[in-house]
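Let's take a walk through this structure together, pausing at a few sheets, helices and single residues. Keep the 3D view open and turn it as you read.

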Amino acid sequence: MESYLNENFGDVKPKNSSEEALQRWRKLCWIVKNRKRRFRFTANLSKRFEAEAIRRSNQEKFRVAVLVSQAALQFIHGLNLSSEYDAPEEVKAAGFQICADELGSIVEGHDVKKLKIHGGVENIAAKLSTSIVDGIPTSKQLINERKHIYGINKFTETPARGFWVFVWEALQDTTLMILAICAFVSLAVGITVEGWPKGAYDGLGIVSSILLVVFVTATSDYKQSLQFRDLDKEKKKIMVHVTRDGLRQKISIFDLLPGDIVHLAIGDQVPADGLFISGFSVLINESSLTGESEPVNVNAANPFLLSGTKVQDGSCKMLVTTVGMRTQWGKLMATLSEGGDDETPLQVKLNGVATIIGKIGLFFAVVTFAVLVQGLFSRKLQEGTHWIWSGDDAMEMLEFFAIAVTIVVVAVPEGLPLAVTLSLAFAMKKMMNDKALVRHLAACETMGSSTSICSDKTGTLTSNHMTVVKTCICKEIKEVSSSNKSNNFRSLVPESAVKILLQSIFNNTGGEVVNNKDNKIEIVGTPTETALLEFGLLLGGDFQAERQTSKIVKVEPFNSAKKRMAVVIVFPNGSLRVHCKGASEIILAACDKVISSNGDVVPLDEPTTNHLKNIIEQFASEALRTLCLAYMDMGTDFSVDSSLPLKGYTCIGIVGIKDPVRPGVKESVAICKSAGITVRMVTGDNINTAKAIAREIGILTDDGIAIEGPEFREKSEGELHELIPKIQVHSFFIFLH
């Protein structure tokens, strides 16, 4: 059976199976009593074809829109464009100057001309009664007016099906229909021959059985649909950063409204259609909408951001213009939501098992019916009554047929794939209670047969709440504690070094220090950025004041390939300075100068380099994440369009960031090991930091191996076969000399 299943049903993968494979296994499942029930939680391929057609249409539409925009840009500048647009009276009465349809046509059509007619992004913001600095006002009345005119950021969902719909679906079972006919014939013949009520017993017994099966099936399926609906709601809970009433805050994606100012960073999904306000190096992946894999550069010249796309690189502020079903993503989602998820390999194989059992059941049902009928004929031949047939004989034949149908009913396990789906959904629910969101059922199935777990370190094994606990400034190690007065730390470091350190921390960051809705200071950003900004505030720095002394003109965002982030700032006198931070070994290798103990910039000689490398290793061995901060003065000749230099920086210092182990991790690792599951750590951090934390939580043992990426890749295939079972820590950190 296993070889049969692998041969016929093995093409279906946990993710991204081909359409041919999905179609083929459905055709193999030809013994199906109730298709609606059997394939309820499997992909609807026809709906998927519709969604793909929409994607192709979008791809062509956006390609044309981009070409038109490029052509328009060639002559639009210098034209005296006059606005012929007049907002509807209802919109004006609500305090706005532009309607939802006009906004939708600008962004969806990439209409540069219309955008110019309306006066650009700032004028669009004014017409939406919002500020690109402070965002929308949050009084209840104004929010309700905005919702009434522009709608809410929710997509049309298929209405929840009631219990009686599931009862009707359960009645679609072919065998139950046959049994219902048998019950009708049994009642008719029985009452005619034996009268009421004696002649109705057999027929009513069949009817009772049918009703029992139908209501048990419908109740099970209805409860299951409610569980899936709850799961779907959990999966859609996404929080976004916005500015409202001048305060930075997190809100649900469903609460977004046109006029909101949204802050986007690498990895974020664009939550609604909108326009680019400001940002740096923004690349948007539109493949989910258009099928195009090439990222799109979004800037002031091409400011259009589409819902459902993802930020591949950079960060920016966006003005929301269109929400909900008015977006192209909303229209696509309406189709995709009916397309269903890919079936898991286990579901596919269980459908195969159900088919095999169904064939066997059908065979034995036919054999049983034939044997019983043959017995009846033999008896009548012996009695010599084979030409005389009575109502009793007809009832007996009907009973034989009902027995055969009952065998099919019992033999074909229609609910088997559904039972597995339900158990996987239950596993997802249990994991959600543990704050682990599983987006695909197949993942639960895979985890059930796992023998090895490869886990990231930061945020998974550790708490992802980082603080700076040690620094090396001016070549000297200093402890950092929130209980210490900032003046104590500053008194040990030259003022010139503190000044350049604060300038680096507050400018070269993807985070922000803002006032939240309670008017308290809040640090927004990744845990690493938050730790550095907290350190800067502890030193007595002022984020807003520091930002006002210079202007950021170029940002090179952090990504895992470069392992660094850099910004270019310009001072009022026109001079430029680059601030750079990142993986300590990489940044230190780019430095040829360092700030000395008296605050002067001196050449970085070999003994000092070795001293700093030893400090990096010391911090790493104490399970600290290290970052190196550096800068370079560029004068006034540097062009911001040029690539940033890779060498010639001045080392400001090294910071050691503590990321405590998440509570319960050590116990969880021990439980996994006792169950025969090997736990491995895979991280981009320094190998010494990884080893220290792996030992602390019990992953790295005395006979285990910790290895770095370059060393791993140099091994031959034979060496890897011997090495891999022993690897417990793998650091893919790449140090470019």
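What follows is a guided tour of selected features. Please keep in mind that the model is a predicted one.

A good place to begin is the open sheet of four strands, whose order is E8-E20-E22-E21 with parallel pairing. Its edges are formed by strand E8 (452-455) and strand E21 (705-708), each of which pairs on one side only. On average, neighbouring strands of this sheet are turned by 20° against each other, direction ignored. If you look at E8 and strand E20 (residues 678-683), you will find four bridges joining them, and the two run parallel. To fix the register in your mind, find Ile453, which stands opposite Val679 in E20. While you have these strands in view, recall a general point: in a regular strand the side chains alternate between the two faces of the sheet.

Now bring in the helix that lies on this sheet. H26 lies across E20, E21 and strand E22 (727-731), and runs at about 155° to E20. H26 also has a helical partner. Two packed helices are described by the angle between their axes and the distance between the axes. For helix H24 (residues 606-621) and helix H26 (residues 687-697), the axes come within 7 Å and cross at roughly 20°. Angles under 35 degrees count as roughly parallel, so H24 is roughly parallel to H26. The crossing in which H24 passes H26 is right-handed. On the H24 side, the contact is made by Glu617, Ala620 and Ser621, while H26 contributes Asn688, Thr689 and Ala692. Sorted by class, this contact of H24 with H26 has two nonpolar, three polar and one charged residues.

A second helix pair is worth a visit. Helix H20 (residues 495-507) and helix H21 (residues 527-538) have axes that come within 9 Å and cross at roughly 140°. H20 and H21 are therefore oblique to each other, and their crossing is left-handed. From H20, the residues in contact are Leu501, Leu502, Ile505 and Phe506; from H21, they are Leu532, Leu533, Phe535, Gly536 and Leu537. What is the class make-up of the contact of H20 with H21? It has eight nonpolar, one polar and no charged residues.

Let us zoom in on two residues of H21. Gly536 lies in this helix and is buried, with a relative accessible area of 0%. Leaving out residues up to four places away in sequence, Gly536 touches Leu502, Ile505, Phe506 and Gly541. With Ile505, Gly536 is 31 residues apart along the chain, and their C-alpha atoms are separated by 6.5 Å. The other residue is Thr528, also found in helix H21. Is Thr528 buried or exposed? Its relative accessibility is 18%, so Thr528 counts as buried. Beyond residues up to four places away in sequence, Thr528 touches Met466, Arg625, Leu627 and Ile657.

From here, turn to a hairpin. Strand E9 (residues 467-473) and strand E10 (residues 476-479) run antiparallel and are joined by four bridges. Lys470 has Glu479 in E10 as its bridge partner. Between E9 and E10 there are two residues, and Cys474 in the turn has a positive phi of about 55°.

Next, look for strand E5 (residues 296-298), where Val296 lies. At 24% relative accessibility, Val296 counts as partly exposed. Which residues does Val296 touch, not counting residues up to four places away in sequence? They are Val282, Leu283, Ile284, Glu286 and Asn302. Of these contacts, Val282 is 14 residues from Val296 in sequence and 8.3 Å from Val296 in space, C-alpha to C-alpha.

The last stop is helix H6 (residues 100-108). Seven of the nine residues of H6 are buried, so this helix is largely enclosed by the rest of the structure. Those buried residues are Ala100, Glu102, Leu103, Gly104, Ile106, Val107 and Glu108. After H6 comes His110, which has a positive phi, near 50°.

Conventions
Residues numbered from 1 in each chain as written. Predicted model: local features only at pLDDT ≥ 70, side-chain atom pairs only at ≥ 80, totals over all residues. Heavy atoms only, no water. Axes fitted to C-alpha atoms, helices over the stretch in contact; angles between N-to-C directions. Parallel < 35°, antiparallel > 145°, perpendicular 65-115°, else oblique. Left-handed = near helix turned anticlockwise from the far one by under 90°. Contact = heavy atoms within 4.5 Å. Nonpolar A, V, L, I, M, F, W, Y, C, P; charged D, E, K, R; others polar. Pairing = 2+ DSSP bridges. Buried < 20%, exposed > 50% of the residue type's maximum accessible area, 1.4 Å probe, protein only.
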